[in-house]
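User: I am new to this structure and would appreciate a guided introduction to it. Please proceed by questions and answers.

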Amino acid sequence: MRRRIQGLHEADQSAASQVRDGLLLVRIERAQHRWESRKPFYLLRFSILEPKELTGHSVAGRLYCTPRALWKLNWFLRDFGYDTELLGRDEIDEKTLIGLRGVIKISHTVVHGTSLLNLDGFAPAVQWERLSSSSPASLAVWEASR
């Protein structure tokens, strides 16, 4: 029996190491709600659009749905241009998320020997040009203002 496992060829560690900490302009390729009794979350796969040297690579991260983490999920949805009517009804349609574009700020952390990708910040896609050409000091101000 053959099984197709999408993204298997992208799991090469050498490709993952090319994606450094920082800002990326991305498009949502997949969104999937995962239920865990203590920490439900959305598993998101992003396709990198910018910077050009990373175009075609992808990254995956989690956004938690716990009461303490809803502010971050809301920030993500607003900056990626999610449907405000659905958001106002406290609804997330996974199909509606596919194709949305925005800026993510990522960092990597190692916990118990496992490398994890953190989604540290978000911005609308229209701000990519300004943010990508900014100095590290102005990015710190951007992050602090969120």
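Analyst: The following turns discuss a predicted model, beginning with the overall fold and ending with a single residue.

User: In what pattern do the helices and strands follow one another along the sequence?

Analyst: The chain contains six helices and five strands. Read along the sequence, these elements follow the pattern α-β-β-β-α-α-α-β-β-α-α.

User: Which strands stand at the edges of the sheet?

Analyst: The five strands form an open sheet with antiparallel pairing, in the order 3-2-1-4-5. A strand at the edge has a single partner strand, so one side of it is left without a neighbour in the sheet. The two strands in this position are strand 3 (58-64) and strand 5 (114-124).

User: By what angle are neighbouring strands of this sheet turned against each other on average?

Analyst: The sheet has the strand order 3-2-1-4-5. With direction ignored, its neighbouring strands are turned against each other on average by 45°.

User: Which residue of strand 3 is the bridge partner of Tyr-42?

Analyst: Strand 2 (residues 41-50) pairs with strand 3 in the antiparallel sense, over seven bridges. In strand 3, the bridge partner of Tyr-42 is Leu-63.

User: What angle does the direction of helix 2 make with that of strand 5?

Analyst: Helix 2 (residues 70-79) packs on the sheet and touches strand 1 (22-34), strand 2, strand 3, strand 4 (101-111) and strand 5. Buried residues of helix 2 are Leu-73, Trp-75, Phe-76, Leu-77 and Asp-79. The direction of helix 2 makes with that of strand 5 an angle of about 55°.

User: Which residue just after helix 2 takes a positive phi?

Analyst: Helix 2 covers residues 70-79. Just after this helix, a positive phi of about 75° is taken by Gly-81.

User: Is Ser-107 buried or exposed?

Analyst: Ser-107 is found in strand 4. Its relative accessible area is 16%, and a residue counts as buried under 20%. Ser-107 is therefore buried.

User: With which side chain does the side chain of Ser-107 make a polar contact?

Analyst: Not counting residues up to four places away in sequence, Ser-107 touches Asp-21, Leu-116, Leu-117, Asn-118 and Asp-120. At 2.7 Å, the side chain of Ser-107 makes a polar contact with the side chain of Asp-120.

User: What percentage of the exposed area of the chain do carbon and sulfur atoms supply?

Analyst: Of the 146 residues of the chain, 35% count as buried. The chain exposes about 9,600 Å². The part supplied by carbon and sulfur atoms is 51%.

Methods
Residues are numbered from 1 along each chain as its sequence is written. This is a predicted model: local features need pLDDT of at least 70, side-chain atom pairs count only at pLDDT 80 or more; totals for chains, interfaces and linings use all residues. Side-chain values use heavy atoms; hydrogens and water are left out. Two strands pair if DSSP finds at least two bridges between them. Helices (H or I, at least four residues) and strands (E, at least two) are DSSP runs, numbered from the N terminus. Axes are lines fitted to C-alpha atoms, for helices over the stretch in contact, and angles run from 0 to 180 degrees between N-to-C directions. Contact means heavy atoms within 4.5 Å. Buried means under 20% relative accessible area, exposed over 50%, partly exposed in between (1.4 Å probe, protein chains only). A polar contact is a pair of N or O atoms within 3.5 Å; within protein, one must be able to donate a hydrogen and the other to accept it, and residues adjacent in sequence count only if both atoms are side-chain atoms. Accessible areas come from the Shrake-Rupley method with a 1.4 Å probe; for residues, only the protein chains shown count as cover.
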